[in-house]
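This report looks at one protein chain, moving from a single polar contact to the charged pairs and then to the chain as a whole.

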Amino acid sequence: MTDVPAWLDRFRREAPRLRVPEGLRPPPGAGRAAAVLILFGSGPSGPDVLLTERAATLTKHAGQPAFPGGRIDPGDDGPVGAALREAQEEAGVVPDGVDVLLTLPELYLSHSEHRVTPVAAWWREPSEIAPGHPGEVATVARVPIADLTDPANRTTVRHPAGLTLGPAFKVGGMVVWGFTAALLDQVLEAGGWNRPWDAGQVEDLPSVVLDVTRP
């Protein structure tokens, strides 16, 4: 992979050592295996990462921005195969144009009972992207890292009932929060791209987001 850009060098060194917060550590033997794809590319606005937005009609994680991903099927050959398959199905990513860089430490989502392996990759030959499952995916977007690290686009979100939900990103008309935002925050830190921002600035999760995520 001689054509992987230098701006990914630090991430490739640091990502395998990402700290898994206690609340995201998989309990022994718990959960179903899943994977997500953290796909880096070089777009018109510089380095970027691929995100999808789940359809508002889904019963779980409705309307939430996310990395492409899903459960690992028996024919996937593990997390890498599952992440590439899901990215193709959800966003039209052609696997032949993707170079896998590494897998990150496994994370546990207690809400959905999944053990998630993030797979990081370089988009060597970008393909056209579009929602692949209209009933599952509403939007796909290449989001510039510069937008994600802009302090003006960062905040801490809480539920109107008062529970702090963690960091969030307001980019591309989306509010990225929850598991995806927490993972993004660590990815940006590992890559050395994070910029100082006011984590003490707390905002309620927008009502439009609550409307589609409420069971």
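## Contacts and salt bridges

The side chain of Ser 127 comes to 3.3 Å from the backbone oxygen of Gly 92. The model is a predicted one. Ser 127 sits in the loop that runs between strand S7 (114–123) and strand S8 (137–144). Beyond its neighbours within four places in sequence, Ser 127 is in contact with Gly 92, Val 93 and Val 94. Its relative accessible area is 18%, so Ser 127 counts as buried, the cut-off being under 20%.

Charged side chains are the next topic. Side chains of opposite charge can pair when their charged atoms come close. The salt bridges in this model number 12. Three of the pairs are set out below.

| Pair | N to O distance | Relative accessible area |
|---|---|---|
| Arg 17 and Glu 14 | 3.2 Å | Arg 17: 58%; Glu 14: 30% |
| Asp 76 and Arg 85 | 2.7 Å | Asp 76: 8%; Arg 85: 18% |
| Asp 185 and Arg 154 | 2.8 Å | Asp 185: 22%; Arg 154: 2% |

In the first row, Arg 17 is exposed and Glu 14 is partly exposed. In the second row, Asp 76 is buried, and Arg 85 is buried as well. In the third row, Arg 154 is buried, whereas Asp 185 is partly exposed. Asp 185 belongs to helix H4 and Arg 154 to strand S9 (residues 154–158), so this salt bridge ties together parts that are 31 residues apart in sequence. Elsewhere, Asp 73, Asp 76, Arg 85, Glu 86 and Glu 89 form one network through salt bridges that share partners.

Helix H4 (residues 178–190) also holds Leu 184. Is Leu 184 buried or exposed? Its relative accessible area is 1%, so Leu 184 is buried. Not counting residues up to four places away in sequence, Leu 184 touches Val 49, Leu 51, Phe 67, Leu 148, Phe 169 and Val 176. Between Leu 184 and Pro 167 the C-alpha to C-alpha distance is 9.4 Å, with 17 residues separating them in sequence.

For the whole chain, the secondary structure consists of 5 helices and 12 strands. The chain has 215 residues, of which 46% count as buried. Among contacts with a separation of 6 or more, 66% are between residues 24 or more positions apart. The accessible surface is about 10,300 Å², and carbon and sulfur atoms account for 51% of that area.

Notes
Residues are numbered from 1 along each chain as its sequence is written. This is a predicted model: local features need pLDDT of at least 70, side-chain atom pairs count only at pLDDT 80 or more; totals for chains, interfaces and linings use all residues. Side-chain values use heavy atoms; hydrogens and water are left out. Helices (H or I, at least four residues) and strands (E, at least two) are DSSP runs, numbered from the N terminus. Buried means under 20% relative accessible area, exposed over 50%, partly exposed in between (1.4 Å probe, protein chains only). Contact means heavy atoms within 4.5 Å. Accessible areas come from the Shrake-Rupley method with a 1.4 Å probe; for residues, only the protein chains shown count as cover. A polar contact is a pair of N or O atoms within 3.5 Å; within protein, one must be able to donate a hydrogen and the other to accept it, and residues adjacent in sequence count only if both atoms are side-chain atoms. A salt bridge is a side-chain nitrogen of Lys or Arg within 4 Å of a carboxyl oxygen of Asp or Glu.
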